Amino acid sequence: MRKSVAKGHADPTRWSTGLGSLTLQKPDWVFFDGEVRPWDEAVLHVSTEAVVRGLNVFEGLKGHWQEDAGFGFVHLPRHYARLVRSASLLYIPIAFSYDEFEGACFELTRALYRQDKDLYIRATLFVVEGHYGANTRADLVLTGYQQEKEPPAPITMGVSTWRRAPDVAMPPRIKTGANYQVARLARIEGRSRGYEDMILLNEHGRVAESTAACVLMVRDGRVCTPPPSEGAMESITADVLTEIGASLGIDFVRRPIERTELYIADELGLTGTLTEITLVPALDERPFPAEAPVLSKLAERYRDAVTGTDPHPAVELAMVPPP
């Protein structure tokens, strides 16, 4: 149940409501230093580069209960591959294989999952030894958070005054916590205006992405989203939606989008692992049409695929073996 929050007074106790319905949580268990341990044992020394320089890379993993009562994670191999790419760009060594990564995710899932909730796992690689790239060693930490089974609710948004850093400053294709400092600033700005998320522009004043997900804009029945060259994350979910859209006769185009084009869009939404497809009924208090037929159709088909209700060849699920 969403709390009623007046405009300009967003509830600070929630991570987000529409954006995946995650609340602040302290789970009993965490995967840390090679095994599942009690939450309070997962600590980093204050002198590590993970603390001093915010040196980490991460992925968000979404697990859904299936129609047949199994439990599956969406595109686990793709997330592992993106984690490896991010780590490579920051010169962080990865000392575990995909099979070990999958096994760790499954082990934590069996310790945490509940029949009435889906699960979101943040897989973070923290640098725990080394100095400016010398003798670097990293540790994989998995934290899991319960999530409601319902699709994300629509949210209203604004355009932030803060900008996405360019590739030569802090490359947006690296999924690192340091890249989310601007997201934090934009969220604080948005909260003061009653918005749950904000759209970030790039150094040229064009659309990059939101603080938490990629932007989907519909014009004349075609879905448009900014490419990575505009400052958007290399989105796994957007790639999947491109394939699902093709099967539904919906075209996807990756191209630059200017701020004013957002205001005249037929539909607007966000997409990502956690956000799935989240509809945006208004931007900067400019409402969009009440119906969003293209994004709603995509959202329903995607949801049916990830929950096993109606599988789709574009959606790969890593099924958690029973205990």
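**Group meeting: a surface patch, a mixed sheet and some salt bridges**

Let me begin at the surface, where L44, V46, V51 and V52 make a nonpolar patch of about 330 Å²; patches here are made of residues with over 30% relative accessible area and no salt bridge, with like charges joined within 9 Å and nonpolar side chains (Val, Leu, Ile, Met, Phe, Trp, Tyr) within 5 Å, and accessible areas come from the Shrake-Rupley method with a 1.4 Å probe, only the protein chains shown counting as cover for residues. Please keep in mind that this is a predicted model, in which local features need pLDDT of at least 70 and side-chain atom pairs count only at pLDDT 80 or more, while totals for chains, interfaces and linings use all residues. Residues are numbered from 1 along each chain as its sequence is written, and side-chain values use heavy atoms, with hydrogens and water left out.

Within the patch, L44 lies in the loop between β2 (35-38) and α1 (49-52), where helices (H or I, at least four residues) and strands (E, at least two) are DSSP runs numbered from the N terminus. L44 is partly exposed at a relative accessible area of 31%, given that buried means under 20%, exposed over 50%, and partly exposed in between.

Now to the sheet, in which 5 strands are arranged openly in the order β12-β11-β10-β13-β14, with mixed pairing; two strands pair if DSSP finds at least two bridges between them. Because β12 (252-254) and β14 (276-279) each have a single partner strand, they stand at the edges, and one side of each is left without a neighbour in the sheet. Neighbouring strands are turned by 30 degrees against each other on average, direction ignored, with axes taken as lines fitted to C-alpha atoms, for helices over the stretch in contact, and angles running from 0 to 180 degrees between N-to-C directions.

Strand β13 (residues 267-272) pairs with β14 in the antiparallel sense over 4 bridges, and the two form a hairpin with 3 residues between them. On the other pairing, β10 and β13 run antiparallel and are joined by 5 bridges, with C214 opposite T271 in β13. How many of the residues of β13 are buried? The count is 6 of 6, with E267, G269 and T271 pointing one way and L268, L270 and G272 the other. In a regular strand, side chains alternate between the two faces of the sheet.

C214 also leads us to S235, which sits in the loop between β11 and α5 and is buried, with a relative accessible area of 9%. Neighbours within four places in sequence aside, S235 is in contact (heavy atoms within 4.5 Å) with R82 and C214.

Finally, the salt bridges, each defined as a side-chain nitrogen of Lys or Arg within 4 Å of a carboxyl oxygen of Asp or Glu, come to a count of 25. One of them joins R303 and D118 at 4.0 Å, N to O, and this pair links helix α7 to strand β5 (residues 118-131), 185 residues apart. R303 is buried at 11% relative accessible area, and D118 is buried at 2%. By contrast, the bridge between D40 and K26 (3.3 Å, N to O) has exposed partners, with D40 at 57% and K26 at 58%. There is also a network of salt bridges linking D33, E35, R37 and E41.

Note on methods
Buried means under 20% relative accessible area, exposed over 50%, partly exposed in between (1.4 Å probe, protein chains only).
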